Structures are given as structure tokens and as C-alpha cells.
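Work through the exercises below with the model open. Try each task before reading its solution.

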Amino acid sequence: MSSIKRKNLTSVQQQYQDFARAREPQRPILANCIRAFIGGGIICTIGQGIQWFFITYFNFDEKTAGDPTVAVLIIISVLLTSFGVYDHIAQWAGAGSAVPVTGFANTIASASLDSKSEGFVLGVGGNMFKIAGPVIVFGVFSAFVVALIKVTITSLGGM
Amino acid sequence: MLQGHQTWVFESKPVIIGSAAIGGPFEAQGNLAKDFDLLHGDIWLGQDSYELAERKFLEEACETAIKKAGLKKEDIQFFLSGDLINQIMPSSFTARTLAVPYLGIYGACSSSMEGLSLASLIIDSGFAQTALVGTSSHNAACEKQYRYPTEYGAQKPPTAQWTVTGAGAAVVAKDGEGPHVVASTIGRVIDMGLSDPFNMGAAMAPAAVDTIEAHFRDLNISPSHYDLIATGDLGRVGHRIAADLLTQHGLDIPVEKLTDCGILMYKESQPVLAGGSGCACVATTTFGHLLNRMRKGELNRILIIATGALLSPMSYQQKETIPCIAYAVSIEM
């Protein structure tokens with residue numbers, strides 16, 4: 001916990017938190033990192049396989065094969081989410097299953113599934129981007145800032 | 001009658017004449033499967049939403065408890081109920097089905113013992129002859145409201161707990177056969193500054209300890225008075241902290257006497273991380289398993305301490321810490 005957060009606590013609260021922390025199981029960070037590496041690696045390998053498939057058997061080159069590959073991964077992820085499998089994979093793989101495009105598809109599919117009982121407009125439509133929304137908002141904003149920096153530097157004669 | 005600072009002693013010893021526990025598929029695989037009156041194979045119960053399914057669980061628990069008490073719906077004079085869904089929706093909608101005078105309560109996971117305390121108070125004071133207490137929780141409905149969508153792939157830490165899907169209900173009456181509610185200690189809200197909703201055990205343990213200490217101090221009895229002292233859904237993490245905290249405060253409870261409903265509920269092999277939680281955890285364990293053991297004569301005096309984390313999804317987002325409460329109810333055969 002950060003020291004700023006701790007400053008607002010009374011000494012009794014601080015004492016108790018140390019007392020409690022000594023009795024809590026810690027997150028197995030090293031094991032989680034290894035699992036994330038393996039889990040994420042497997043997903044990316046599957047993606048690579050799909051890309052190879054599109055290049056070899058269909059008329060795609062390395063550049064154009066990206067779109068159908070991502071689409072297939074998204075469909076697989078949505079299906080796994082709907083069958084209730086993805087969250088179990090994620091409990092094991094952690095960040096490994098959250099970071100790739102499959103994780104993003106999972107956030108949207110899971111939020112939609114849960115909200116279906118509130119109807120298609122207020123439920124699914126309104127909540128679909130509950131988790132993915134912030135990623136899109138700040139992703140687009142960061143891209144905008146980076147683009148501004150690039151334009152400024154180029155117009156000043158750099159790069 | 002008030003004894004000490006915060007303990008009610010029920011002179012007339014209200015009787016639990018009937019109680020019921022209903023569970024879901026995950027509970028059916030657990031340790032206490034035998035003690036449930038009805039176990040469902042899926043979590044939907046043929047309903048259109050998780051919230052409606054939870055209401056169904058609660059309705060079934062209430063019906064079964066009334067039936068086991070040998071009464072009819074019309075014989076119930078007051079219904080007290082609480083749950084975890086926004087505006088205690090399953091409770092209020094069950095009250096609509098039952099169509100009896102209703103008091104909605106909210107004590108998060110401690111609602112069962114808050115309800116039992118109030119029902120006993122109503123009976124003891126002579127304001128009614130029969131009262132029904134109910135409470136429910138639903139794993140998916142709870143995840144959806146408090147955490148992430150149910151199918152969202154987020155890795156949970158080892159301190160997280162698994163919300164029990166099910167409902168428990170009990171009929172408390174002036175006269176009859178069954179375990180007696182002898183006393184109950186109303187807890188204070190304790191906040192030790194923890195804010196992690198994936199570590200409720202550590203947040204709630206101090207509230208449990210505070211109420212247990214108050215109970216023994218007010219009644220001037222020692223832990224040896226009870227055959228079993230069960231805290232509510234602290235889970236493995238909170239249970240360990242509470243046990244050590246009690247020892248530190250000089251209240252030695254033998255290891256075999258102090259247990260936790262969140263630990264009792266599931267088998268070690270089930271992937272529930274630190275153990276069970278939710279309103280139905282204490283409710284089904286007490287109204288099913290523990291009262292059954294009392295009726296069989298295995299236990300004579302028990303103390304149930306139901307703990308509740310009084311956070312809301314909004315308070316968490318606004319970076320507030322988690323206030324916690326605990327109610328202790330003493331039940332004797």
C-alpha cells in the first residue's frame with residue numbers, strides 16, 4: 001500500500017493491517033508471470049497459426065492476413081466466453097489471457113451476456129463497453145496526443 | 001431485555017420451529033449437501049435473470065420453512081428479509097408473493113442473524129406469535145453487481161471468496177419444539193481501513209472479534225459455555241486472523257470449537273479460493289447444517305456470528321474503505 005494511503009489511517013488501523021497482512025496468502029506473482037507467459041504465448045501461437053493458414057491456403061499476404069486472423073480469434077474468444085470457459089482459462093492464465101485481442105473480446109462478450117436480462121437497448125447496448133469502454137477512450141486519446149507530438153515534430157523539420 | 005451494552009437476552013426464549021436451506025449446483029458438491037432441503041442443478045431455475053432466480057431460491061426457502069414448521073402462509077405474522085441485490089429486490093419481491101407484513105433489512109452477509117435477532121425481539125416482546133426470517137444470495141447476481149460480469153476473465157487473488165448460491169429461512173415462534181434463540185449481540189460498525197473487495201475476510205474479522213468480545217463481556221460467560229462458535233463467511237483468511245486476534249485479546253477459544261461457515265460450506269478441492277461468502281452462506285449453514293446437528297443432539301449451545309461487509313459498488317469506486325458489522329446470536333437446544 002502506498003504511504004499516502006497509509007497516512008490517513010489511525011495507528012490502530014495500521015497495526016491491524018500489518019497483523020492481517022502477515023496472515024494472508026500472497027498472490028503468487030512469479031507463478032502468475034510464468035502462467036501469463038505460457039497462456040499468452042499459446043494464444044499468440046494459435047494466432048500465428050491462423051495467419052499462416054490464411055496466407056498458405058487463401059490469397060492473403062502477411063499484411064492483409066492480419067484482419068481475418070483477428071476476426072477468427074475474436075470469434076473463438078466470444079464462443080469460449082459464451083460457453084463459460086474463458087473465465088476459467090483466465091483464472092489460470094491471468095494477464096496472459098487478458099492482454100491479447102481475445103481478452104478484449106471477452107470483456108465485451110461477458111458484459112453483453114450479463115446485461116441481456118435488462119433488454120437489448122438499456123442492457124446490452126448500454127453496458128457492452130462497461131469494461132472495454134475506458135480502454136477505447138484512453139486508447140484513442142493517447143493516440144491523438146501521440147499524433148499531435150508527431151505532427152509537431154515533423155512540421156518543425158524533425159524525423 | 002438489554003444486558004450489558006449491546007446484548008439482548010430473550011427471557012421467553014423464542015423457538016425456531018422450522019428452518020430450511022436451498023442451494024445451487026456448486027453447493028450440492030460441497031461439504032453440507034446432505035443438510036440442504038433442496039438442491040438445484042442449475043443457477044437459473046428456469047428464470048429469465050439471475051435476480052429472478054435468487055428470488056425463486058428465497059421463495060422456496062420460505063415455503064419449505066413454513067411447511068416444516070407445520071404452518072400455513074397465513075399463520076406467519078411478520079416476514080423479515082434481506083439480501084445483497086440493489087434495493088433488496090429478491091426479499092421485497094418474495095414478500096410480495098408471501099403477502100404478509102414485511103420488514104426489509106440490510107446487513108449484507110450478516111442479514112440472516114440481523115433478521116433472526118429482530119424476529120426474536122418481536123416474538124419476545126409479545127408483538128407477534130410467529131415471524132419468518134429469510135435471506136438469499138446468488139453467485140452470478142452478486143458477481144454481476146459487485147465485481148465484474150460473470151464470464152469476464154479476471155484472475156482472482158487467493159484471498160477472494162465464492163458467493164454461495166442459495167437461500168435460508170427460519171420460522172421463529174413463541175411456543176413449539178426446536179432450538180431456542182437465547183440472546184443476541186448487536187455489533188458496531190468497525191472499519192479498519194481495508195478497501196480491497198477481494199479480501200473481505202481480513203476486513204470483516206475485526207468486526208467479528210469485536211462482537212464476540214462484547215457478547216462474552218455483556219453476558220459474563222466464557223467460550224466454554226458453547227459447544228460451537230461459528231463465525232459467518234470470514235473464509236480461511238479471515239478465520240485465521242479472527243482466531244489470532246481473539247487470542248491476542250485474551251479470549252482463548254479452543255481450535256475445535258471455533259469454526260467458520262465459509263470454511264464449512266465447501267470442500268477443499270472446490271475452486272473457491274478462501275471459502276464461501278454471501279448472505280446464504282451463514283443462512284444455509286445455520287438454518288440447515290447446524291440446526292440439524294442441534295436437533296440430532298450433537299450440539300446443545302451454539303453461537304453464530306454473522307459478519308457483513310457494508311460496502312457498495314459505488315463506495316468502492318469512490319475509494320472508500322469497507323465498514324463491517326457482525327451480529328452474534330446464541331442458540332440453545
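Two residues are in contact if their C-beta atoms, placed from the backbone, lie within 7 Å. This is a predicted model: local features need pLDDT of at least 70, side-chain atom pairs count only at pLDDT 80 or more, and totals for chains, interfaces and linings use all residues. Residues are numbered from 1 along each chain as its sequence is written, while chains are lettered from A and ligands numbered from 1 in the order in which they are written.

**Exercise 1. The chain interface**

Find how many residues of chain B are in contact with chain A, and which element of chain B gives the most.

Step 1. Count both sides: 25 residues of chain B contact 28 residues of chain A.
Step 2. List the elements of chain B that give two or more residues to this side: α6 (200–219) and α7 (235–248). Helices (H or I, at least four residues) and strands (E, at least two) are DSSP runs, numbered from the N terminus.
Step 3. Pick the top contributor. α7(B) gives the most, with 4 residues.
Step 4. Sort the chain B side by class: 12 nonpolar, 7 polar and 6 charged. Here Ala, Val, Leu, Ile, Met, Phe, Trp, Tyr, Cys and Pro count as nonpolar, Asp, Glu, Lys and Arg as charged, and the others, Gly among them, as polar.

**Exercise 2. The domains of chain B**

Locate the two domains of chain B and describe the side of domain 1 that touches domain 2.

Step 1. Set the bounds: domain 1 spans 2–173 and domain 2 spans 181–332. Such bounds come from an automatic or database domain assignment.
Step 2. Take the C-alpha centres. They lie 17 Å apart in chain B.
Step 3. Count contacts: 58 residues of domain 1 of chain B meet 58 residues of domain 2 of chain B.
Step 4. Find the leading element on the domain 1 side. α4(B) gives the most, with 7 residues.
Step 5. Classify that side: 25 nonpolar, 27 polar and 6 charged residues.

**Exercise 3. Strand β14 of chain B**

Establish which strands pair with β14(B), and in which sense.

Step 1. Place the strand. β14(B) covers residues 301–309, and 8 of its 9 residues are buried (20 or more other C-beta atoms within 10 Å of the residue's own; exposed is 12 or fewer, partly exposed in between; C-beta atoms placed from the backbone).
Step 2. Apply the pairing rule: DSSP must find at least two bridges between the strands.
Step 3. Check β11(B), residues 228–231. This strand pairs with β14(B) in the parallel sense over 4 bridges. Ala230(B) stands opposite Ile304(B).
Step 4. Check β15(B), residues 324–332. Here 9 bridges join an antiparallel pair with β14(B). Leu303(B) stands opposite Ser330(B).
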